[in-house]
Amino acid sequence: MSGNLINTLMLSLAFLLLFGLAELLYHYFNVNAEWTRKIVHLCTGVFALSFPFLLDNHWWVLLMSISFLGLLTLSMKFNFLKSINGVDRITRGSLLFPVVVYGCFLVYDHYDHLLFYYLPLLILAICDPVAAYVGKNWPWKKYHIRTYTKTLSGSLGFLAFALLVSWTLLSSLANSDFSTNFILAIGIALATTVAEAVSNKGYDNLTIPIAAVLVLLLEKDYFII
């Protein structure tokens with residue numbers, strides 16, 4: 001228990017230092033909130049990858065998730081952490097992230113397979129910012145879903161990186177051959193790309209991991225040892 005407590009405190013400190021760095025970049029170096037938010041998004045995803053090795057049960061993950069959900073909720077209510085909240089759009093993505101991390105950890109804990117944790121979080125941490133960056137800088141073929149606009153270039157960027165992340169992790173962690181891994185990776189990449197395309201206001205932080213986990217559950221007989 002003492003090891004879990006120490007690791008929880010160290011991880012919490014790392015997250016707080018990341019928030020502090022983002023605030024420093026935003027307030028003193030005039031880095032746009034869209035960029036500081038993406039930095040935090042990517043780094044928190046990477047930090048969370050250490051949970052299976054540093055925390056031996058889901059209760060510690062739940063404790064951290066609730067703590068940071070509370071912090072982020074207060075930051076929105078009282079208007080601090082502007083490096084995360086100071087964007088010119090309505091988004092719930094930061095609030096959903098701790099929920100998603102805990103949910104993915106629960107699934108990983110149940111099936112005892114790292115794919116259920118690593119794959120959805122890495123796709124979210126890497127591919128979502130890629131889609132936003134590509135779509136903003138090369139806005140090719142805009143399309144509309146309900147009241148918001150996406151770009152085909154952003155969706156293709158997401159698809160390409162989701163395929164790369166999925167195939168790499170399946171090749172590393174799955175007990176299946178090359179062709180099976182590639183077919184599974186295509187299914188995961190397509191499902192998560194659609195999830196990103198149809199989501200708005202930060203809800204892709206929820207729909208992308210759910211899509212990845214659902215496909216893994218459907219395909220689990222092909223890769224679980």
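# Reasoning through a helical fold

Read along the sequence, the protein runs α-α-α-α-α-α-α-β-β-α-α-α. The model discussed here is predicted.

User: What makes up that pattern, in helices and strands?

Analyst: The protein holds 10 helices and two strands.

User: How do you know whether the radius of gyration agrees with a compact globule of 225 residues?

Analyst: Happy to set the two side by side. A compact globule with 225 residues would have a radius of gyration near 17 Å, and the protein has 18 Å, so the value agrees with the rule. For the overall extent, the C-alpha trace spans about 55 × 50 × 25 Å along its principal axes.

User: What share of the residues is buried, and what share of the contacts is between residues 24 or more positions apart?

Analyst: Buried residues account for 47% of the 225 in the protein. Among contacts with a separation of 6 or more, 71% join residues 24 or more positions apart.

User: And what about the accessible surface and the charges?

Analyst: The accessible surface is about 11,600 Å², and carbon and sulfur atoms supply 69% of that. As for charge, there are 13 positive and 12 negative side chains, with the centres of the two sets 16 Å apart.

User: How do you know whether the span of helix H6 agrees with its number of residues?

Analyst: Good one to check by hand. Helix H6 covers residues 93-111, which is 19 residues, and at 1.5 Å a residue they should span 27 Å; the end C-alpha atoms are 27 Å apart, so the two agree. Just after H6 comes aspartate 112, with a positive phi of about 55°.

User: Why is threonine 36 called buried or exposed?

Analyst: Its relative accessibility is 0%, and buried means under 20%, so threonine 36 counts as buried. Threonine 36 sits in helix H2, residues 33-48. Leaving aside residues up to four places away in sequence, threonine 36 touches Ala22, Leu25, Tyr26, Val31 and Ser83. Isoleucine 84 is 48 residues away from threonine 36 in sequence, yet their C-alpha atoms are 6.7 Å apart.

User: Phenylalanine 15 and leucine 16 are neighbours in number. Why is each called buried or partly exposed?

Analyst: Let's take them in turn. Phenylalanine 15 has 8% relative accessibility, so it counts as buried, the limit being under 20%. Leucine 16 has 44%, which falls between the 20% and 50% limits, so leucine 16 counts as partly exposed.

User: Where do these two lie, and what do they touch?

Analyst: Phenylalanine 15 lies in helix H1, and leucine 16 is in that helix too, which covers residues 2-28. Not counting residues up to four places away, phenylalanine 15 touches Thr44, Phe47, Ala48, Phe51 and Phe68, while leucine 16 touches Phe68 and Leu71. The C-alpha atoms of leucine 16 and phenylalanine 68 are separated by 9.4 Å, with their positions 52 residues apart along the chain. For phenylalanine 15 and methionine 64, which are 49 residues apart in sequence, the C-alpha separation is 10 Å.

User: What makes the phi of asparagine 79 and of leucine 81 worth pointing out?

Analyst: Most residues other than glycine have a negative phi. Asparagine 79, however, has a positive phi near 60°, and leucine 81 has a positive phi of about 55° without being a glycine. Asparagine 79 is in the loop between helix H4 (58-77) and helix H5 (82-85), and leucine 81 lies in the loop between H4 and H5 as well.

User: How do you know whether asparagine 79 and leucine 81 are buried or exposed?

Analyst: Compare each value with its limit. Asparagine 79 is at 51% relative accessibility, and exposed means over 50%, so asparagine 79 counts as exposed. Leucine 81 is at 9%, under the 20% limit, and therefore counts as buried.

User: One last residue: why is glycine 187 called buried, partly exposed or exposed?

Analyst: At 26% relative accessibility, glycine 187 falls between the limits of 20% and 50%, so partly exposed is the right label. Glycine 187 is placed in helix H9, residues 178-197. Its C-alpha atom is 8.7 Å from that of leucine 163, and the two residues are 24 apart along the chain.

Definitions and conventions:
Residues are numbered from 1 along each chain as its sequence is written. This is a predicted model: local features need pLDDT of at least 70, side-chain atom pairs count only at pLDDT 80 or more; totals for chains, interfaces and linings use all residues. Side-chain values use heavy atoms; hydrogens and water are left out. Helices (H or I, at least four residues) and strands (E, at least two) are DSSP runs, numbered from the N terminus. The radius of gyration is taken over C-alpha atoms; the globule rule is 2.2 Å times the number of residues to the power 0.38. Buried means under 20% relative accessible area, exposed over 50%, partly exposed in between (1.4 Å probe, protein chains only). Contact means heavy atoms within 4.5 Å. Accessible areas come from the Shrake-Rupley method with a 1.4 Å probe; for residues, only the protein chains shown count as cover. Lys and Arg count as positive and Asp and Glu as negative; His and the chain ends are not counted. The place of a charge is taken as NZ of Lys, CZ of Arg, CG of Asp or CD of Glu. The expected span of a helix is 1.5 Å times one less than its number of residues.
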